[in-house]
Amino acid sequence: MSIVVHQINAFTEKAFGGNPAVACLLDDAPDADWMQAVAREMNLP
Amino acid sequence: MTVPIHIWSDYVCPYCFLAEKPLAAAIAASGVETEVRWMPFELRPEPTPTLRPEEDYLQSGWAQSVYPLAEQMGVEIKLPDVSPQPYSRLAFEGHLFAEANGLSHEYTHRMFTAFFRESHDIGDIDVLTSLAEEIGLGATAFREALHEGTYAEAHQALLKRAYEEVQVTAVPSFLIGNRLLRGLADQDALVSLLQTVEAEATP
């Protein structure tokens, strides 16, 4: 299953009362070990 | 037609709490029929160290951004003094229990207010159980589901989808139809997007 997503970059547009959008950012891209651990738990490749 | 809205949030991100109000207002103002689903996102999954409220990162971020914005929006919010901040995995597993019982929105709102108004440790199973009971969920069944990890696999599958398929890297992120809006958006921006998506979908 996959979905096609159209990205809207709110960071460069008016987001809140004309201010740049704020968000909490992911610290790091999820690391490979973590993703593999998740995959193992789920019995996926 | 009904426009699906997915909103990815982390219970420890103040901008996600602040997103509740403009989202609800936009849905009411747009006249668009929507179906909102709250999606989990972990900014710092175990074992990534979580933030400490006494440190400069949160102190300055709240002083310069969160508090002024919340005041402008008329939302009561307080930097929680739980240190280090809790992991949100268990709370999200509880959300799936709440969703299965038709209380997703109530549970989500209670997580935000518990953390950002009452400084509850929402990583603690006793705290979560008590909050779940408050909104009408069965305490024994809720605790057991968390203890047994009933929703652990489903939660990890949703996270994986967020990271890999939708490529969420910031919260809040709104998926409205097939448009992904990153960051806290105001009511007008959300209304405009809702109406655009509805118009595109209407033959």
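This note goes through a predicted model, point by point.

1. Strand β4(B) and its partners. Strand β1 (residues 3-9) of chain B and β4(B) run antiparallel and are joined by four bridges. On its other listed pairing, β4(B) is connected by four bridges to strand β5 (residues 179-182) of chain B, again antiparallel. Ser173(B) appears in both pairings: Ser173(B) is the bridge partner of Trp8(B), and Ser173(B) also stands opposite Arg182(B) in β5(B).

2. Side chains of β4(B). The residues of this strand point in two directions, with Ser173(B) and Leu175(B) on one side and Phe174(B) and Ile176(B) on the other. All four of these residues are buried.

3. The hairpin. Strands β4(B) and β5(B) form a hairpin with two residues between the strands. Within this hairpin, Gly177(B) has a positive phi near 60°.

4. The nonpolar core. The largest nonpolar core contains 67 residues. Tyr15(B), Val171(B), Ile176(B) and Leu194(B) have the most contacts inside this core. Helix α1 (residues 14-30) of chain B is the element that gives the most to the core, namely seven residues. Ile176(B) thus links this point to the second one, being one of the buried residues of β4(B).

5. Contacts of Tyr15(B). With neighbours within four places in sequence left aside, Tyr15(B) touches residues of chain A as well as chain B. The contacts in chain A are Val22(A), Ala23(A) and Cys24(A). Those in chain B are Pro172(B) and Leu184(B).

6. Cis peptide bonds. Where do the cis bonds before Pro47(B) and Pro172(B) fall? The bond from Glu46(B) to Pro47(B) is cis, with omega near 5°, and Pro47(B) sits in the loop between β2 (34-40) and α2 (56-73) of chain B. The bond joining Val171(B) and Pro172(B) is cis too, with omega about 0°. Pro172(B) belongs to the loop between β3 (170-171) and β4 (173-176) of chain B. Both residues of this second bond have come up above: Val171(B) is among the residues with the most contacts inside the core, and Pro172(B) is a contact of Tyr15(B).

7. Positive phi outside glycine. Ser119(B) is not a glycine, yet its phi is positive, about 50°. Ser119(B) lies in the loop between α4 (104-116) and α5 (125-134) of chain B. Since 14 other C-beta atoms are within 10 Å, Ser119(B) is partly exposed. Gln167(B), also a residue other than glycine, has a positive phi near 55°. Gln167(B) is in the loop between α7 and β3 of chain B, and its count of 12 other C-beta atoms within 10 Å makes Gln167(B) exposed.

8. Asp124(B). The loop between α4 and α5 of chain B also holds Asp124(B). Asp124(B) counts as partly exposed because there are 13 or more, in fact 14, C-beta neighbours inside 10 Å, and a residue is exposed only at 12 or fewer. In sequence, Asp124(B) and Ser88(B) are 36 residues apart, while their C-alpha atoms are 9.6 Å apart in space.

9. Helices α3(B) and α7(B). How are two packed helices described? The angle between their axes and the distance between the axes are used. For helix α3 (residues 89-100) of chain B and helix α7 (residues 152-166) of chain B, the angle is about 105° and the axes are 9 Å apart. The two helices are therefore roughly perpendicular to each other. On the α3(B) side the contact is made by Arg89(B), Phe92(B), Glu93(B) and Leu96(B), and on the α7(B) side by Ala152(B), Ala154(B) and His155(B). By class, four residues of this contact are nonpolar, one is polar and two are charged.

10. Gln85(B). This residue is found in the loop between α2 and α3 of chain B. Is Gln85(B) buried or exposed? Gln85(B) is buried, because 21 other C-beta atoms lie within 10 Å. Neighbours within four places in sequence aside, Gln85(B) is in contact with Val12(B), Thr50(B) and Leu51(B). Ala154(B) is 69 residues from Gln85(B) along the chain, and their C-alpha atoms are separated by 24 Å.

11. Ser192(B). Helix α8 (residues 187-201) of chain B includes Ser192(B). Ser192(B) counts as partly exposed because it has 13 C-beta neighbours inside 10 Å. From Ser192(B) to Lys160(B) the separation is 32 residues in sequence and 30 Å in space, C-alpha to C-alpha.

Note on methods. Residues numbered from 1 in each chain as written. Chains lettered and ligands numbered in written order. Predicted model: local features only at pLDDT ≥ 70, side-chain atom pairs only at ≥ 80, totals over all residues. Axes fitted to C-alpha atoms, helices over the stretch in contact; angles between N-to-C directions. Parallel < 35°, antiparallel > 145°, perpendicular 65-115°, else oblique. Contact = placed C-beta atoms within 7 Å. Nonpolar A, V, L, I, M, F, W, Y, C, P; charged D, E, K, R; others polar. Buried ≥ 20, exposed ≤ 12 C-beta atoms within 10 Å, placed from the backbone. Pairing = 2+ DSSP bridges. Core = buried A, V, L, I, M, F, W, Y, C linked by C-beta atoms within 7 Å.
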